[in-house]
Amino acid sequence: MKRLDLLAVSDMCVDLLLSGNVRPRFGQVEQLIGAYHLELGGSANIFAAQMAKLGAQAGVIGALGADPLGTFALGRLQSLGLDTGRVWVDARLQTGLGVALIEGNDRAILTFPGSLSAVGPDRLPDLASEPCRHWHIASYFLLDRLRSVWRAWLAACRRAGITTSLDPNWDPENRWRGVRELLPEVDVFLPNRAEILAIAGGTDPRMAALELSAAGPLVVVKCGADGVLAAWRGQVWEAPPLPLQSPVVDAVGAGDNFDAGFLCGRLSGWSVPNAIALGQRCAVASLASSGGFAGQLEEPSFRPAGVCWKTP
Ligand SMILES: Nc1ncnc2c1ncn2[C@@H]1O[C@H](COP(=O)(O)OP(=O)(O)OP(=O)(O)O)[C@@H](O)[C@H]1O
Ligand SMILES: [Mg+2]
């Protein structure tokens, strides 16, 4: 298989996004809603697709059920230009499904895991074959079968010259265990504000970022409408939000799209502020459309150049 710029294990699922009058009422009440949108889901898929639209050769590793949602998801992965050589169909699984009830900037999500956590350690590639330049972990808490292997895996990536990033996303069990232990092996840690406070404790994301960055990684905190802050070795960068050109349709995937823009910048040897700026352009573009893929920034000529990762 060809060497990719980026590989990530996919929290593979399909999303059904419902909006307009979506607060459910039980007691057999039938309620008409404003709109629905069926789209590929999965943080890693959104992230990899935005990387591909910025010219990276990106692939995901994941399973699909032998069902209509699985067929739909595979078609979308291919049309997004992602490498699907490590995506397989497992007839024993149902494709994962996330139903999101969207109200403005907020959403409630009902998730059926199915294929979402199907990847086990046996599906990780052989690093000796140099499968990729950069390894991203998205949705750490959802990929149950890999949680115990990530520390050794990240260390092996580092030995193989593969840079790494970790976006924890939300912990559905609200326990937040295991992330701190990975940080010494991670190059870039990408939580949002609520996530870093849950992991580090306290109420100040700046203090939390400084504390967690002391373990080694560049810590980049996505603060929603307040922009972004980053910390590394005692240095802090703060970026205000970009002004919005259009109203927010939904915030699905804003964080994943930010991650992709930021990492494309860093993989091209850009400074932290410049990488944050590209991340913010990707995030804001996706806010203006439904779901995480539709508004993604397309600059295929960008292609993250060579291996030129520089320390911040
Ligand atoms: N209302 C907004 N105005 C301007 N920028 C925004 C707004 N909301 C989000 N952003 C940009 O998008 C980035 C990522 O959004 P957010 O902080 O919601 O990430 P997240 O919570 O990880 O998202 P996700 O739900 O995709 O996991 C922010 O850091 C910011 O740059
Ligand atoms: Mg996120």
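Helices here are DSSP runs of H or I with at least four residues, strands are E runs of at least two, and both are numbered from the N terminus. With that in hand, here's a quick tour of a predicted model, built around its largest pocket and the ligand that sits there. That pocket holds about 1500 Å³ of space, and ligand 1 takes up that very space.

**The pocket**

- In all, 48 residues line the largest pocket, and Arg 107, Asn 192, Ala 251, Gly 253 and Gly 255 come closest to its centre.
- On the strand side, β2 (13-19), β6 (96-103) and β7 (106-112) each put at least two residues into the lining.
- Helices chip in too: α1 (43-53), α5 (193-200), α7 (254-267) and α8 (272-287) also each give at least two.
- Sort the lining by character and you get 26 nonpolar residues, 13 polar ones and nine charged ones.

**Who surrounds ligand 1**

- Ligand 1 has 20 residues around it, the closest being Arg 107, Asn 192, Gly 224, Gly 255 and Gln 280.
- Arg 107, Asn 192 and Gly 255 therefore turn up twice, since they are also listed among the residues closest to the pocket centre.- The shell splits into ten nonpolar, seven polar and three charged residues.
- Helix α8 makes the largest contribution to that shell, with four residues.

**Polar contacts with ligand 1**

- Gln 280 uses its side chain: one of its polar atoms lies 2.5 Å from an oxygen atom of ligand 1.
- Gly 224 works through its backbone, where a polar atom is 2.7 Å from a ligand 1 oxygen.
- Ala 254 also offers a polar backbone atom, this one 3.3 Å from an oxygen of ligand 1.

**How covered is ligand 1?**

- On its own, ligand 1 has 630 Å² of accessible area, and the protein covers 89% of that.
- Two elements, α7 and α8, are the ones that give two or more residues to the shell around ligand 1.

Key
Residues numbered from 1 in each chain as written. Chains lettered and ligands numbered in written order. Predicted model: local features only at pLDDT ≥ 70, side-chain atom pairs only at ≥ 80, totals over all residues. Heavy atoms only, no water. 1 Å grid on protein atoms, 1.4 Å probe; cavity = no way out; pocket = protein on both sides within 12 Å on 5 of 7 lines; lining within 4 Å. Points joined across faces, edges and corners; volume = space filled by probe spheres on them. Nonpolar A, V, L, I, M, F, W, Y, C, P; charged D, E, K, R; others polar. Near = heavy atom within 4 Å. Polar contact = N/O pair within 3.5 Å; in protein donor to acceptor, adjacent residues only side chain to side chain. Areas by Shrake-Rupley, 256 points an atom, 1.4 Å probe, with all protein chains shown as cover. Sits in = over half its atoms within 2 Å of the grid points.
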